[in-house]
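Q: Please take a close look at one helix in this model and at what surrounds that helix. I would like one connected answer, in plain terms.

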Amino acid sequence: MTKKTQTHLAGATISEFDGVRYLHLGTDWVQGAMRIRSPRKLELEYIQRMMAWLLWRPSDQLGQGHAVQLGLGAGAITRFSHQVLRWRTTAVEINPSVVAANRLWFQLPADDDRLQVVEADAARWVLDDAHLQTVDALCVDLYDHEAAAPVLDDEDFYRACRGLLAPGGLMAVNLFGRDSSFDRSAARVAAAFGADQLWQLAPTAEGNTILVAGRDVAVPDRETLTARAAVIEARYGLKAGKWLRLLRPYQAHGA
């Protein structure tokens, strides 16, 4: 497993515009966002699409599970998993200034019996045998202050992510779908999970493409997916019907 060398961890900075608070790491790149008057709402389009894994979860299992986020960002997925889904939630973040900013500026609650925020290197956390097959939903959004490519992005890392998942578990990972690195990253995920357990959404306007990978997931038919999307929209206000229109099975480049 390889990891980009970082000589330092950039300090978190904050900006606000039109009722939305943004997290940065010393650059103009947005690392996360929160609508100040609706902190539980998923503000960014790509963050909303990272919840597409819900489509593969049977509707009667939406109310329970263990959700893990690798990369805290502005805490949007962590707040949503903890406060809206009401799942046991673990967030792993290497940068203490990001954790501090979330506590101060992004309404991240204190740890409790369902929430644990761990200051740790995700590369090491995923290799801890104590976490094997303990996760039902894993969201991976690991970018540094340059936001050029994922910090962890090799086959060994994705195999370790698969090892975290309980049978039927799902991973969503944020990649740049209009970047030349996308095909390489997607191929690594496919090698770790199996191409038949991998799906992708169309890129957002900003170029973010979400991959969803499963561990021994039973693929439902379209009618079942449509019914699940309706439940997700009614229960959580997410655009699950739109996700279905944007979704397709993974195909290797040139296949």
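A: In this predicted model, the buried residues of helix 3 are Val 98, Val 99, Ala 101 and Asn 102. Looking down the axis of helix 3, these buried residues fall within an arc of 160 degrees, so they line one face of the helix. That face packs against strands: the buried residues of helix 3 are in contact with strand 1 (13-17), strand 2 (20-24), strand 5 (88-93) and strand 6 (115-119).

Helix 3 covers residues 96-105, and Leu 104 is part of it. Unlike the residues just named, Leu 104 counts as exposed, because its relative accessibility is 67% and the cut-off for exposed is over 50%. Leu 104 also takes part in a nonpolar surface patch of about 320 Å², together with Ile 14 and Trp 105. Just after helix 3 comes Gln 107, where phi is positive, at about 55 degrees.

Ile 14 leads from the patch to the strands. Its bridge partner in strand 2 is Leu 23. Strand 1 and strand 2 run antiparallel and are joined by five bridges. The two strands form a hairpin, with two residues between them. Asp 18 sits in the turn of that hairpin and has a positive phi of about 55 degrees. Strand 1 and strand 2 are also among the strands that the buried residues of helix 3 pack against.

Next come the charged side chains elsewhere in the model. Side chains of opposite charge can pair when their charged atoms come close. Over the whole structure, a search finds nine salt bridges.

One of them joins the side chains of Arg 188 and Asp 153, with an N to O distance of 2.9 Å. Arg 188 belongs to helix 6 (residues 181-193), while Asp 153 is in the loop between strand 7 (135-140) and helix 5 (155-164), so this pair ties together parts that are 35 residues apart in sequence. The two partners are covered to unlike degrees: Asp 153 is buried, with a relative accessible area of 13%, whereas Arg 188 is partly exposed, at 28%.

Another salt bridge lies within helix 5. Arg 159 pairs with Glu 155, and their closest N and O atoms are 2.6 Å apart. Because Arg 159 and Glu 155 are four residues apart in helix 5, about one helical turn separates them. Both are partly exposed: Arg 159 has a relative accessible area of 42%, and Glu 155 has 31%. Elsewhere, Glu 45, Arg 49 and Lys 242 are joined into one network by salt bridges that share partners.

A further salt bridge is formed by the side chains of Glu 43 and Arg 35, at 2.9 Å from N to O. Arg 35 is partly exposed, its relative accessible area being 26%.

To return to helix 3, two descriptions go together. Val 98, Val 99, Ala 101 and Asn 102 are its buried residues, and they line one face of the helix. Leu 104 is exposed and helps to make the nonpolar surface patch with Ile 14 and Trp 105.

Definitions and conventions
Residues numbered from 1 in each chain as written. Predicted model: local features only at pLDDT ≥ 70, side-chain atom pairs only at ≥ 80, totals over all residues. Heavy atoms only, no water. Patch = residues over 30% accessible without salt bridge, like charges linked within 9 Å, V, L, I, M, F, W, Y side chains within 5 Å. Areas by Shrake-Rupley, 256 points an atom, 1.4 Å probe, with all protein chains shown as cover. Salt bridge = Lys/Arg side-chain N within 4 Å of Asp/Glu carboxyl O. Buried < 20%, exposed > 50% of the residue type's maximum accessible area, 1.4 Å probe, protein only. Arc of directions from axis to C-beta. Contact = heavy atoms within 4.5 Å. Pairing = 2+ DSSP bridges.
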